[in-house]
Amino acid sequence: MKISGNPEITLYNNPLPKGCELCRLGSKLVVFISGECGDSCYYCPVSSERFNKNKMFANEAEVSNLMDYIYEAYRMGALGAGITGGDPILAIDKVTSLIRIFKNEFGEKFHVHLYTSGRYATNDALRELSEAGLDEIRFHPLKVEYREALKKAMKYDMDVGIEIPSIPGEEEKILELIKWAEKEGVKFVNLNELELNERNFFQLNSRGMNVSHGITGVKGSFETAKNVIEEFKESRITVHYCSSVYKDVVETRTRFLRTIRVSAKPYEDFTGEGTLIRAIVRTKQNLDILYGEKIGDNVYSIFPGITDELVKKLDIDELKIVEEHPDSRRLKVSEKVLKSNFEP
């Protein structure tokens with residue numbers, strides 16, 4: 001059987017899990033439901049701002065209630081959601097309520113998957129998740145005893161998989177886990193490229209690990225995953241490698257471009273990187289609404305392609321081009337002042 005994909009991005013031996021298929025389309029809303037977690041993995045990439053904090057985020061923006069997730073799902077035209085943390089089962093009341101809201105709002109085809117270590121995945125918790133409508137559950141079984149949770153989960157009507165980092169030097173452990181998963185009937189195993197970031201830097205670096213791929217990919221992680229997939233290329237279980245480059249560049253950019261198609265305003269331009277471009281004009285003259293919209297006293301947001309024309313026609317106090325992320329935060333990527341009558 002042929003291994004599919006691009007080594008720089010992703011490799012897999014069989015069709016991808018539904019959650020991953022939708023992620024590739026940029027159509028999965030990322031639901032960070034809580035940073036609370038009973039485990040403390042040395043390689044955990046969750047930022048200090050979120051880890052063990054009772055905070056919620058929709059994609060990159062912090063939110064305050066469950067309906068904020070629905071608003072963000074509409075903004076990006078989401079076809080599903082991935083619920084992560086922390087360990088979401090520690091916030092199971094919020095999780096099951098949110099799954100039901102998703103299904104009621106967008107229909108049963110709105111695909112929801114969830115990540116958990118399995119530590120808290122009791123029969124009661126799994127039953128609640130299944131009854132709420134969870135479609136797919138991904139386990140990170142840190143300890144052998146956590147594997148029992150996967151066996152329990154397979155009794156319910158949801159796809160069961162494993163998602164773990166591809167840690168250099170742990171190839172044999174990974175092979176043993178996948179062989180166990182194949183024997184037990186687990187549907188898929190995702191191997192994520194190990195990422196080095198600000199929070200786990202000292203832990204990884206002290207173990208001799210450093211970046212050699214993209215911005216965060218740890219040296220040797222890809223090779224470990226590739227060797228593992230080769231071992232299972234004739235297997236019925238899906239083994240899928242997902243790189244840090246894919247998560248940082250492809251997944252985020254595709255989601256941004258999708259958000260732009262759904263929610264960008266008519267006067268906003270965009271780049272191939274998934275950022276929005278608009279012109280901000282400050283003038284005492286009244287700009288016709290056809291140019292854009294008024295966003296403040298004597299301040300307008302307009303299409304950047306007509307700035308030369310406006311400079312010739314109007315008395316403009318300030319003109320700048322702003323590049324921003326398209327999500328609800330509107331984080332500024334760059335700003336270029338083309339004209340200003342104000343002192344610096």
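This protein has 10 helices and 19 strands, and the model you are looking at is predicted. Its C-alpha trace spans about 75 × 45 × 40 Å along the principal axes. Of the 344 residues, 52% are buried. Let's walk through a few places worth finding on the structure.

**The fold as a whole**

- Take the contacts between residues at least 6 apart in sequence: 65% of them join residues at least 24 apart.
- The structure also holds 24 salt bridges, and a few of them appear further down.

**Helix 2 and its surroundings**

- Start with helix 2, which covers residues 67-76.
- Which residues of helix 2 are buried? They are Asp68, Tyr69, Ile70, Glu72, Ala73 and Met76.
- These buried residues pack against three strands, namely strand 3 (28-34), strand 4 (56-58) and strand 5 (61-63). They also pack against two helices, helix 3 (92-106) and helix 9 (244-263).
- Just after helix 2 comes Gly77, and the phi of Gly77 is positive, near 65°.

**How helix 2 meets helix 3**

- Two packed helices are described by the angle between their axes and by the distance between those axes.
- For helix 2 and helix 3, the axes come within 10 Å and cross at roughly 40°. Because angles under 35 degrees count as roughly parallel and 65 to 115 as roughly perpendicular, helix 2 is oblique to helix 3.
- Is the crossing of helix 2 and helix 3 left-handed or right-handed? The crossing is right-handed.
- On the helix 2 side, the residues that take part are Met67, Tyr69, Ile70, Ala73 and Tyr74. On the helix 3 side, they meet Leu98, Ile101, Phe102, Glu105 and Phe106.
- The residues of this contact divide into nine nonpolar, no polar and one charged.

**Val262, a link from helix 9 to helix 2**

- Val262 lies in helix 9, and Val262 counts as partly exposed because its relative accessibility is 44%, which falls between the 20% and 50% cut-offs.
- Val262 and Arg75 are 187 residues apart in sequence, yet their C-alpha atoms are 6.5 Å apart in space.
- Leaving aside its neighbours within four places in sequence, Val262 is in contact with Tyr74, Arg75, Met76 and Gly77.

**Salt bridges to look for**

- Arg147 and Glu176 meet through their side chains in a salt bridge, at 2.8 Å from N to O. Arg147 sits in helix 5 (residues 147-153) and Glu176 in helix 6 (residues 171-184), so the pair ties together parts that are 29 residues apart in sequence.
- The two partners are not equally covered: Arg147 is buried, with a relative accessible area of 11%, whereas Glu176 is partly exposed, with a relative accessible area of 40%.
- Glu230 forms a salt bridge with Lys226, and their closest N and O atoms are 3.9 Å apart. Both residues lie in helix 8 (residues 221-231), four residues apart, which is about one turn of the helix.
- Glu230 counts as partly exposed at 33% relative accessibility, and Lys226 counts as partly exposed at 34%.
- Arg253 and Glu273 form a salt bridge through their side chains, at 3.6 Å from N to O. Arg253 lies in helix 9, while Glu273 lies in the loop between strand 14 (269-270) and strand 15 (276-282), so this pair ties together parts that are 20 residues apart in sequence.
- Arg253 is partly exposed, with a relative accessible area of 28%.
- Elsewhere, Glu268, Arg278, Glu324 and Arg330 are joined into one network by salt bridges that share partners.

**Positive phi angles outside glycine**

- Arg330 has a phi near 50°, a positive value in a residue other than glycine. Look for Arg330 in the loop between strand 18 (318-324) and strand 19 (332-340).
- At 25% relative accessibility, Arg330 counts as partly exposed.
- Asn52 is not a glycine, but Asn52 has a positive phi of about 60°.
- Where does Asn52 lie? Asn52 is in the loop between strand 3 and strand 4.
- Asn52 counts as partly exposed, with a relative accessibility of 42%.

Definitions and conventions:
Residues are numbered from 1 along each chain as its sequence is written. This is a predicted model: local features need pLDDT of at least 70, side-chain atom pairs count only at pLDDT 80 or more; totals for chains, interfaces and linings use all residues. Side-chain values use heavy atoms; hydrogens and water are left out. Buried means under 20% relative accessible area, exposed over 50%, partly exposed in between (1.4 Å probe, protein chains only). Contact means heavy atoms within 4.5 Å. Axes are lines fitted to C-alpha atoms, for helices over the stretch in contact, and angles run from 0 to 180 degrees between N-to-C directions. Angles under 35 degrees count as roughly parallel, over 145 as roughly antiparallel, 65 to 115 as roughly perpendicular and the rest as oblique. A crossing is left-handed if the near helix is turned anticlockwise from the far one by less than a right angle, and right-handed if clockwise. Ala, Val, Leu, Ile, Met, Phe, Trp, Tyr, Cys and Pro count as nonpolar, Asp, Glu, Lys and Arg as charged, and the others, Gly among them, as polar. A salt bridge is a side-chain nitrogen of Lys or Arg within 4 Å of a carboxyl oxygen of Asp or Glu.
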